Amino acid sequence: MLEAKLNEAAILKRLLDAIKELVADANFECNEEGIELQAMDNSHVALVAVKLRADGFRRYRCDRPIPLGVNLNSLTKVLKCAKDDDQVTIRADDDADVLNLTYEARNTDRIAEYALKLMDIDSDTLGIPDTDYDARVTMPSSEFTRIVRDLSQLGESVRIEVSKEGVSRRVVKEEGQEGGGREC
């Protein structure tokens, strides 16, 4: 049996909003250490790897490893029914064919329960090699989101360069043609 409780539904909502743009269906692999998802986008360009450690949940219990095959668009729709500050509990029995989600409001008696049909999804676990990078950039996710949103209006490819002076990016408008850049 799996039972995982988060203090705020917003955490799960934001995570899935980002993932659903790349991956339609995926297995959440649940075990005593936490919940992991690893999936490739349809064009096999991007690898999504997410790990939610057990100690990040308010309460976490997983008696044995359980794969939860989920359509991420459907799960996102169900999560939209939760308010950001609702507590969300995820439950699945060992041989379950549904994923149960319960939302509890903090200051009222409101409780909402949903059941999402699980899917059988064939997936391979890919090894992600440890890599040493020449540079590491740390910025608020809100700033990164704004940059990506701005650049997505200008072209389909982005070239990011890092130097001691800062980070710059160039939008590739057409094959071999670069647009203006800007420092972060």
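Modeller: Let's start with the term polar contact: a pair of N or O atoms within 3.5 Å, where one must be able to donate a hydrogen and the other to accept it. Keep in mind that this is a predicted model.

Biologist: Fine. What makes the pair of Asn-71 and Asn-73 at the start of helix 2 a polar contact?

Modeller: A side-chain oxygen of Asn-71 comes to within 3.1 Å of the backbone nitrogen of Asn-73. The cut-off is 3.5 Å, so an oxygen and a nitrogen at that distance make the grade.

Biologist: And which residues of helix 2 are buried?

Modeller: In helix 2, residues 72–79, they are Leu-72, Leu-75, Thr-76, Val-78 and Leu-79.

Biologist: How do you know that they line one face of the helix?

Modeller: Look down the axis of helix 2: the buried residues fall within an arc of 160 degrees, so one face is what they line. Their cover includes helix 1 (9–19) plus strands 2 (25–31), 6 (66–71), 8 (98–104) and 9 (111–117).

Biologist: Helix 1 then. Which of its residues are buried, and what do they pack against?

Modeller: Ala-9, Ala-10, Leu-12, Lys-13, Leu-16 and Ile-19 are the buried ones in helix 1. They pack against helix 2 and against strands 1 (2–6), 2, 4 and 7.

Biologist: On to the rings. How many aromatic pairs are there?

Modeller: The count is two. In one, the ring centres of Phe-57 and Tyr-60 are 5.3 Å apart and the planes stand at 35 degrees, so the pair is tilted.

Biologist: Why is that one called tilted rather than stacked or edge-to-face?

Modeller: Stacked needs planes under 30 degrees apart and edge-to-face needs over 60, so 35 degrees leaves tilted. The 5.3 Å between centres also meets the 6.5 Å limit for a pair.

Biologist: Are Phe-57 and Tyr-60 buried or exposed?

Modeller: Buried means under 20% relative accessible area, so Phe-57 qualifies at 9%. Tyr-60 has 17%, so it counts as buried too.

Biologist: What about the rings of Tyr-103 and Tyr-114?

Modeller: Their centres are 5.3 Å apart with planes at 40 degrees, so this pair is tilted as well. Tyr-103 sits in strand 8 and Tyr-114 in strand 9, so the pair ties together parts that are eleven residues apart in sequence.

Biologist: Why is Tyr-103 called buried, and why is Tyr-114 called partly exposed?

Modeller: Tyr-103 has 0% relative accessibility, so it falls under the 20% cut-off. Tyr-114 has 29%, so it lands between the limits of 20% and 50%.

Biologist: Now the loop between strand 3 (34–40) and strand 4 (47–53), where His-44 is found. What makes His-44 stand out in its backbone?

Modeller: His-44 has a positive phi of about 55 degrees, although it is not a glycine. Its relative accessibility is 58%, and exposed means over 50%, so His-44 counts as exposed.

Biologist: Asp-41 lies in that loop too. Why is Asp-41 called buried?

Modeller: Its relative accessible area is 11%, under the 20% limit, so buried is the word. Setting aside residues up to four places away in sequence, Asp-41 touches Leu-22, Val-23 and Ala-46. Asp-41 and Val-23 are 18 residues apart along the chain, with their C-alpha atoms separated by 5.0 Å.

Biologist: Which backbone nitrogens does the side chain of Asp-41 reach?

Modeller: That of His-44, at 3.0 Å, and that of Val-45, which lies 2.7 Å from a polar atom of the Asp-41 side chain. Both distances fit the 3.5 Å cut-off, so both can stand as polar contacts.

Biologist: How do you know that Thr-89, in strand 7 (87–92), is buried?

Modeller: Thr-89 shows 1% relative accessibility against a limit of 20%, so it is buried. Residues it touches include Glu-3, Lys-5, Asn-100 and Thr-102.

Biologist: Last one: which residues have the most contacts inside the largest nonpolar core?

Modeller: Leu-68 and Leu-99, in a core of 37 residues. Leu-68 touches Leu-99 itself, and also Phe-28, Cys-30 and Leu-118, among others. Across the chain, buried residues make up 32% of the 184.

Technical notes
Residues are numbered from 1 along each chain as its sequence is written. This is a predicted model: local features need pLDDT of at least 70, side-chain atom pairs count only at pLDDT 80 or more; totals for chains, interfaces and linings use all residues. Side-chain values use heavy atoms; hydrogens and water are left out. Buried means under 20% relative accessible area, exposed over 50%, partly exposed in between (1.4 Å probe, protein chains only). Helices (H or I, at least four residues) and strands (E, at least two) are DSSP runs, numbered from the N terminus. The arc is that of the directions from the helix axis to the C-beta atoms. Contact means heavy atoms within 4.5 Å. Rings of Phe, Tyr and Trp (its six-membered ring) pair if their centres lie within 6.5 Å; planes under 30 degrees apart count as stacked, over 60 as edge-to-face and the rest as tilted. A nonpolar core is a set of buried Ala, Val, Leu, Ile, Met, Phe, Trp, Tyr and Cys residues joined through side-chain atoms within 4.5 Å.
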